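I opened this notebook to record what I looked up in one structure, entry by entry. The topics are the overall fold, the open and closed spaces, the aromatic pairs and some backbone details.

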Amino acid sequence: MDPAVWLVLKALLAAIAQILAMSPNAASGGHDFNFCFPVPSKLENERVKLIPFEPIPKHTEAFVKASKSYPDAFKYLGAVGPYETSEEFLTTFYYPIMQDQPGFMLFLLLDKTNPASKTIGVEGEEGALAGHLAYINSSAFNLATEIGYILVLPPFQRTHVTSNAIGLMMHYALDLPDQGGLGLRRVFWQCNELNEQSKRTAERMEFRYEGILRWDRVLPPHKKAFGVNADVREGDPRGKDWGGRHTAIFGHCWDDWAGGGREKIDEIMARAV
């Protein structure tokens, strides 16, 4: 290679490396999460750890393998899941829903109090893979985000895992920047109106019930039974095989947080077993 060309190439590679290092949404391996807020390298306490999901084998294969035994865990998770292969997970969920939309950011959830053998481990991480959850429908302009796509695998349900994971995400979203957070004004929670467990969890985590969004989501045929018990009209663009759901919505805002919500969440996280 011509020495002059080599020098130009070196300079270009150095510039790219510097940009990646400066990007708040670039992982150590260079993956750009395309999220509208800075992505933390981890959210962690002594019980659980949330790590940004990257479309790499050690993350994708671990999640698919851990969740494959629990297809019912996806029952109320909108139109997504369950997954048979890593490719299916990436092409039907991660890339179109998470990666391609700047308001969405997925995290893998690890239970540090259990060995990897509880489900499966993630290379280089402590504990057992317990599920995933995400910031979704985020708006940097409106200082708002939703905690969604909450999937906690059955072996970790009704334990400390859900409360601690959601509490960590609330802290990062609602704490002020000088406290290590984003300083958002609103965090909201949406779920299928029929999902009583999710509604109870939202209220337990100090989210206020705000109402029902009727016919808010379209459900594919294999999930029609988990939606509204009524057929759509003749001529519907999706057809009668496609169902729909009513969505319950809850919110926790900055004034709730500053008015004692932060302390209540810390108490819930500490006592959850």
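Entry 1, terms and model. I take strands as DSSP runs of E with at least two residues, and helices as runs of H or I with at least four, numbered from the N terminus. I note that the model is predicted.

Entry 2, Gly211. I first looked up Gly211 and found it in strand S7. I wanted to know whether Gly211 counts as buried or exposed. Its relative accessibility is 15%, and under 20% means buried, so I recorded Gly211 as buried. Setting aside neighbours within four places in sequence, I listed the contacts of Gly211 as Thr247, Ala248 and Ile249. I also looked up Phe250, which is 39 residues from Gly211 along the chain, and the two C-alpha atoms are 7.4 Å apart.

Entry 3, overall fold. I counted six helices and eight strands in the protein chain. Read from the N terminus, the order of elements is α-β-β-α-α-β-β-β-α-β-α-β-β-α. The chain has 273 residues, of which 48% are buried. I then took the contacts between residues at least 6 apart in sequence and found that 65% of them join residues at least 24 apart.

Entry 4, largest pocket. I recorded a volume of about 1,100 Å³ for the largest pocket. Its lining has 42 residues, and the closest to the pocket centre are Tyr76, Leu77, Ile150, Asn195 and Ser198. I asked which elements each supply at least two residues of this lining. They are strands S4 (128-139), S5 (144-152), S6 (186-192) and S7 (208-219), together with helices H4 (160-174) and H5 (196-204). The largest share comes from S5, with seven residues. By class, I noted 20 nonpolar, 13 polar and nine charged residues in the lining of this pocket.

Entry 5, cavities. I searched the whole structure and found two cavities of 30 Å³ or more. The largest cavity has a volume of about 40 Å³. I listed its lining as Lys75, Tyr76, Gly78, Asn192, Leu219, Lys223, Phe226 and Arg245. These divide into three nonpolar, two polar and three charged residues.

For the second largest cavity I recorded about 30 Å³. It is lined by Phe33, Phe53, Tyr94, Met98, Gln99, Phe104, Met105 and Leu106. By class, this lining has seven nonpolar residues, one polar residue and no charged residues. Helix H3 (86-99) and strand S3 (105-111) each supply at least two residues of it, and H3 gives the most, with three.

Entry 6, aromatic pairs. I counted 16 aromatic pairs. For Phe107 and Tyr135, the ring centres are 5.8 Å apart and the planes stand at 90°, so I recorded the pair as edge-to-face. The pair links distant parts of the chain, with Phe107 in strand S3 and Tyr135 in strand S4, 28 residues apart. Both Phe107 and Tyr135 are buried.

I next looked up Trp189 and Phe207, a tilted pair with 5.4 Å from centre to centre and 55° between the planes. Because Trp189 lies in strand S6 and Phe207 in the loop between H5 and S7, this pair ties together parts that are 18 residues apart in sequence. Trp189 and Phe207 are both buried.

I also noted one aromatic cluster formed by Phe53, Phe63, Phe74, Tyr83, Phe89, Phe93, Tyr94, Tyr95 and Tyr149. At Trp242, I found Arg238 over the ring face, 5.0 Å from the ring centre.

Entry 7, backbone details. I asked where a cis peptide bond occurs. One joins Gly81 and Pro82, with omega at about -5°. Pro82 lies in the loop between helix H2 (57-67) and H3.

I looked up Glu206, a residue other than glycine, and recorded a positive phi near 70°. Glu206 is placed in the loop between H5 and S7. Its relative accessible area is 28%, so I entered Glu206 as partly exposed.

Trp215 is not a glycine either, and its phi is positive at about 50°. I located Trp215 in strand S7. With a relative accessibility of 38%, Trp215 counts as partly exposed.

How values were computed: Residues numbered from 1 in each chain as written. Predicted model: local features only at pLDDT ≥ 70, side-chain atom pairs only at ≥ 80, totals over all residues. Heavy atoms only, no water. 1 Å grid on protein atoms, 1.4 Å probe; cavity = no way out; pocket = protein on both sides within 12 Å on 5 of 7 lines; lining within 4 Å. Points joined across faces, edges and corners; volume = space filled by probe spheres on them. Nonpolar A, V, L, I, M, F, W, Y, C, P; charged D, E, K, R; others polar. Phe/Tyr/Trp six-rings, centres within 6.5 Å; stacked < 30°, edge-to-face > 60°. Buried < 20%, exposed > 50% of the residue type's maximum accessible area, 1.4 Å probe, protein only. Lys NZ or Arg CZ within 6 Å of the ring centre and 35° of its normal. Contact = heavy atoms within 4.5 Å.
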